[in-house]
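Biologist: I'd like to go through this structure with you, and I'll keep asking how you know what you claim.

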Amino acid sequence: MDLTATTAELAGAAAEVARLLPTRVLDPVLAGLRIRATADVEIAGSDQEHGVRLTVNATVHTEGEVLVPAKPLAATLQALDDPQVRLKVEGQRLAIRTPSSRFAIPLLDLNNHPGIPQLPARQGTVDADHLKAIAAVAGAASKDDALPIFTGIRIQSDAQKLHVMATDRYRMAYATLPWEQEGQLDLLVPAKPIIEAARQATGRVTLHANADRIGLTWDHNEISTALLAAPFPDDRARRLLEAVIDSTVLVDADALARAVRRATPYGGPHQAVTIQVEDSELRVKGSDPQHGESEEFVKATVEGDRLTKTFQARYLADALKAFAGRRIELKIQDGLRSTVLTSTPGEDGVELTYLVVPMRSVA
């Protein structure tokens, strides 16, 4: 195998594949990156749970296929400054060449690699830009693998829309987005591969699914993953979004996010930020006996009661980040009931709702 490609494109594809592969495995071939050179070059990998296949334009001098450790290849390519790079098999190594340098990585046994899992049947298509809403929902999923059911995103479909929901028990996000249905979906999907697909995909994205697996494809690229357990959260969780509102606040999400970020260093050991509803503004406060206190006002339109709520700063910041560039509505409930963040649906038909559980007030 012998090929020349744009360094940035090849490095980006290698890094994307490496991110989805495990770093600690009993069998090193499962942490391997498969390079197949034909008309273009295909970068692929699979640990049997995840599967990813990305295509990069290249000038192929000699066709071929090899398997190499993913992390060293990705790290080497990312460190190069040269605009073009050449990959060439030299004996039992893959040489990475530029005009002034050479690196060589040992080949792995391609025959022992399980291959990239086959995609399930196609179920429908969605615009790649709309996948950003799924990525925003994924931010509410848990990062704790000890509770795998909370690390997933529930994806359901009807004839016109996908319904997407995730929760880590302290916050919950829910979105609907348009799609063209060919089949019915009700799945619990690991968040990480969906976030990767949302970051990379362009144009129209096809969703493939069966009882065990989901895949997303666009152009000549694909990402697939095994499903989690029975679909969750259930309809009882969705009913939490039907809040009885005591106060409604219209505010610029970015302005509030900036105020929360500036208050966070004063949030104390619990990283607590307090939002106090005033007549025509929000008072954003942080207070810590050791580091001092902060207070900032953000203009807002207020209807209803003047309430005070305390949140863990990172949960509130994550929620506001999902609404970047939008004006949002805070639907605030008294006591320790959740606060619901929503925005007016855009012309793209995407609707997003975020629910954040408040903390008990801290001194």
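Modeller: We'll take the sheets, then the helices, then the empty spaces.
Before that, this is a predicted model, where local features need pLDDT of at least 70, side-chain atom pairs count only at pLDDT 80 or more, and totals for chains, interfaces and linings use all residues. Residues are numbered from 1 along each chain as its sequence is written, and side-chain values use heavy atoms, with hydrogens and water left out.

Biologist: How do you know that β7 and β8 pair?

Modeller: Helices (H or I, at least four residues) and strands (E, at least two) are DSSP runs, numbered from the N terminus. Two strands pair if DSSP finds at least two bridges between them. Strands β7 (residues 84–90) and β8 (residues 93–98) have 5 bridges, in the antiparallel sense, so they count as paired. Glutamate 90 sits opposite arginine 93 in β8. The β7–β8 hairpin has 2 residues between its strands, and glycine 91 takes a positive phi near 65° there.

Biologist: What makes β8 and β9 partners as well?

Modeller: Again the bridges: 6 of them join β8 to β9 (residues 101–106), and the two run antiparallel. With at least two needed, they therefore pass. Leucine 94 has isoleucine 105 in β9 as its bridge partner, and the hairpin of β8 and β9 has 2 residues between the strands.

Biologist: Which strands make up the sheet that holds these, and in what order?

Modeller: It is an open sheet of 5 strands, ordered β5-β1-β7-β8-β9, with antiparallel pairing. β5 (58–62) and β9 are the edge strands, since each pairs on one side only. From one strand to the next, the twist averages 20°. At the β5 end, 4 bridges join β1 (residues 2–6) to β5 in an antiparallel run, and alanine 5 has alanine 58 as its bridge partner.

Biologist: Why are β15 and β23 called edges in the other sheet?

Modeller: That open sheet has 9 strands in the order β15-β11-β12-β13-β27-β26-β25-β19-β23, paired antiparallel. β15 (186–190) and β23 (301–304) each have a single partner strand, so one side of each is left without a neighbour in the sheet. The twist here averages 15° from one strand to the next. Inside that order, β12 (residues 161–167) and β13 (residues 171–178) pair antiparallel over 7 bridges, with alanine 166 opposite alanine 173.

Biologist: Which strands does α3 lie across?

Modeller: Contact means heavy atoms within 4.5 Å. Axes are lines fitted to C-alpha atoms, for helices over the stretch in contact, and angles run from 0 to 180 degrees between N-to-C directions. α3 lies across β11 (152–157), β12, β13 and β27 (351–356), at about 170° to β13. α4 touches β11 and β15, and its direction makes about 85° with that of β15.

Biologist: What do α3 and α4 do with each other, and which residues meet?

Modeller: α3 (residues 131–138) and α4 (residues 191–200) pack at about 145°, with axes 9 Å apart. Leu131, Lys132, Ile134, Ala135 and Ala138 in α3 meet Ala191, Ile194, Ile195, Ala197 and Ala198 in α4. By class, that contact has 9 nonpolar, no polar and 1 charged residues. Ala, Val, Leu, Ile, Met, Phe, Trp, Tyr, Cys and Pro count as nonpolar, Asp, Glu, Lys and Arg as charged, and the others, Gly among them, as polar.

Biologist: What makes one space a cavity and another a pocket?

Modeller: On a 1 Å grid over the protein atoms alone, a cavity is a set of points where a 1.4 Å probe fits but cannot get out; a pocket is an open set with protein on both sides within 12 Å along at least five of seven lines, and lining residues have an atom within 4 Å of a point. Grid points are joined across faces, edges and corners, and a volume is the space filled by probe spheres set on the points.

Biologist: How many cavities of 30 Å³ or more are there?

Modeller: The count is 1. The largest cavity has a volume of about 70 Å³, and its lining is Leu256, Ile275, Lys309, Phe311, Leu316, Leu330, Ile332 and Thr339.

Biologist: And which residues lie nearest the centre of the largest pocket?

Modeller: His50, Asp145, Thr151, Pro190 and Lys192, out of 19 lining residues. The volume of the largest pocket is about 440 Å³, and α4 gives the largest share of its lining, 4 residues.
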